[in-house]
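Visitor: I would like a close look at the metal sites in this model. Please take me through them, then on to their surroundings.

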Amino acid sequence: MAKDYYKILGVDKTATGEEIQKSFRQLARKYHPDANPDNKKEAEEKFKEISEAYEVLSDPDKRTTYDRTGQVNFGGGGSNFRWEDFTHFTDFEDIFNRVFGSFGNGSMFTSARNEGPDLDLAVRITIDLEDAYYGRKQSVRYRRNVTCQACKGSGSKDGVLNTCRTCGGTGQERVVQGQGFFNMVTVISCRTCGGRGKIPRIVCQTCHGSGSVSATESLEVEVPKGAVNNLKIRFKGRGQSYHGRTGDLFVVLSIENRTDFVRDGDNILTKEWISFPEAALGTERDIKVFNETFHYKIPPGTQPGEMIRVKSCGFPKFKGSGNGDLLVRVQIEVPKRLSSTQKELLEKLLSEQDKKRFWQKT
Ligand SMILES: [Zn+2]
Ligand SMILES: [Zn+2]
């Protein structure tokens, strides 16, 4: 009778993936050999057993096979589980970084990820704030790797590819180093074939076997109205090409600031200077935002530094429709020089105020 993985992990046959993981994590903490210095040997056995059970039950395919037949075939080891078959090293990192701070002596994992080259490409362009205000089309030139036409991307002059001998066609190399109790297992892209599993019989001279050549490309980017800084615009299939796979291009926007006003989300912030009689009596102003002119009122009795909100005259909203608001910080100018008439009038005003204050106080 094969092992009862459910019993080993202490879960029901109907347990969810989450329950299985939870139980595994608890048991892994309990039976980690570093946590059991007095009966290390026993803990090692138990630890391997729960890892095996977890390897099977956490994988829907393996679990189904196991439920049906009572056994599972592991990659290279047939029905016998070996550490090399374990694909959840990241779980350990997760668990033990928290529990032990770091791995104890001789028990160390390197989680392995076998990634092909990153085929996505990012190109940053700088646009004026005005372009973001109105939206516009902008042409972009950039370089990328495209499929080599000479070999149609195969990298092979005659199109014939042989299975890579180093990795036997898997595209992966497993670097195993003895480190005491655990082996340090690292899976990397095969260095002979670059992770492809195949190598050209005769190397294409145009692309030197890579299957792609560098080319200058251009395209039109539609900068949307209300575009925000660092906005990424995606162009599917316009990134790097590598052996028949093509990534995406991301055009990233850098939006330049202006000196006369500041964009604050959907709002526009600006300042306006008025004289103190205007502040006292109220006044009106025009403001130009790019090609738009907005008219607004400053009410009587406006104080220095007060903010006037002009509804819906701000920046076009990136999400949703309409515009944000225009926020005007009112500054009051105090004249440094006065004509004799002005002086006279102001003195009159002052004496008026004195009288008023006097009557108010008494
Ligand atoms: Zn080629
Ligand atoms: Zn290879």
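Guide: What follows starts at the two zinc sites and then moves out to strands, sheets and rings.

The model is predicted. Keep that in mind for each distance and angle below.

Take the zinc ion (ligand 1) to begin with. Its protein donors are the SG atoms of C148, C151, C204 and C207. They lie 2.3 Å from the metal. The angles subtended by the 4 donor atoms run from 103 to 114°, and this makes the arrangement tetrahedral. The cut-off behind that label asks for all angles between 85 and 135 degrees. For reference, the ideal angle for four tetrahedral donors is 109.5 degrees.

Now the sequence pattern. The donor residues of ligand 1 follow the spacing C-x2-C-x52-C-x2-C. The long gap falls between C151 and C204, which are 53 residues apart. C151 sits in the loop between β2 (136–147) and β3 (161–163). C204 sits in the loop between β6 (198–200) and β7 (212–223). The pair thus links distant parts of the chain. Both C151 and C204 are buried.

Strand β2 deserves a stop of its own. N145 is found in this strand. With a relative accessible area of 28%, N145 counts as partly exposed. Its C-alpha atom is separated from that of S214 by 4.3 Å. Along the chain, N145 and S214 are 69 residues apart.

Next, the zinc ion (ligand 2). Four SG atoms coordinate this ion: those of C164, C167, C190 and C193. The distances are 2.2 to 2.3 Å. The 4 donor atoms subtend angles of 101 to 117°, so this arrangement is tetrahedral. The donor spacing in sequence reads C-x2-C-x22-C-x2-C.

Burial can be checked for two of the donors. C190 has a relative accessibility of 1%, so it counts as buried. C193 comes to 8% and is buried. The cut-off for buried is under 20% relative accessible area.

From the metals, turn to the sheets. One open sheet has 3 strands, ordered β1-β11-β8, with mixed pairing. Its edge strands are β1 (121–127) and β8 (232–235), and each pairs on one side only. From one strand to the next, the twist averages 25°. Strands β8 and β11 (residues 249–255) run antiparallel and are joined by 4 bridges. One contact can be named here: F235 has L249 in β11 as its bridge partner.

Another open sheet has 4 strands in the order β12-β13-β17-β16. The pairing is mixed here. At the edges are β12 (262–264) and β16 (307–310), each pairing on one side only. The twist in this sheet averages 35° from one strand to the next. β16 pairs with β17 (residues 326–333) over 4 bridges, in the antiparallel sense. M307 stands opposite R329 in β17.

Last come the rings. The structure holds 8 aromatic pairs. Y5 and Y66 form a tilted pair, 4.6 Å centre to centre, with 40° between the planes. Y5 lies in helix α1 (residues 5–9) and Y66 in helix α4 (residues 60–69). They are 61 residues apart, and the pair links distant parts of the chain. Both Y5 and Y66 are buried.

F24 and Y54 make a stacked pair. The centres are 3.9 Å apart and the planes differ by 5°. F24 belongs to helix α2 (residues 17–31) and Y54 to helix α3 (residues 40–57), so the pair ties together parts that are 30 residues apart in sequence. F24 and Y54 are both buried.

Ring pairs also build a cluster, which links Y133, Y134, F261, F290 and F315. F315 has a charge partner too. The charged end of R263 sits over the F315 ring, 3.8 Å from its centre. R263 falls within the range of edge strand β12 (262–264). One more such contact involves K46 and Y31. There the charged end of K46 sits over the ring of Y31, 5.6 Å from its centre.

Technical notes
Residues are numbered from 1 along each chain as its sequence is written. Chains are lettered from A and ligands numbered from 1 in the order in which they are written. This is a predicted model: local features need pLDDT of at least 70, side-chain atom pairs count only at pLDDT 80 or more; totals for chains, interfaces and linings use all residues. Side-chain values use heavy atoms; hydrogens and water are left out. Rings of Phe, Tyr and Trp (its six-membered ring) pair if their centres lie within 6.5 Å; planes under 30 degrees apart count as stacked, over 60 as edge-to-face and the rest as tilted. Helices (H or I, at least four residues) and strands (E, at least two) are DSSP runs, numbered from the N terminus. Buried means under 20% relative accessible area, exposed over 50%, partly exposed in between (1.4 Å probe, protein chains only). A charge sits over a ring if NZ of Lys or CZ of Arg is within 6 Å of the ring centre and within 35 degrees of the ring normal. Donors are N, O and S atoms within 2.8 Å of the metal (3.2 Å for Na, K and Ca); water is not among the atoms, so sites may look incomplete. Four donors count as tetrahedral if all angles lie between 85 and 135 degrees; four count as square planar and six as octahedral if opposite donors are over 155 degrees apart and all others between 65 and 115; anything else is irregular. Two strands pair if DSSP finds at least two bridges between them. Axes are lines fitted to C-alpha atoms, for helices over the stretch in contact, and angles run from 0 to 180 degrees between N-to-C directions.
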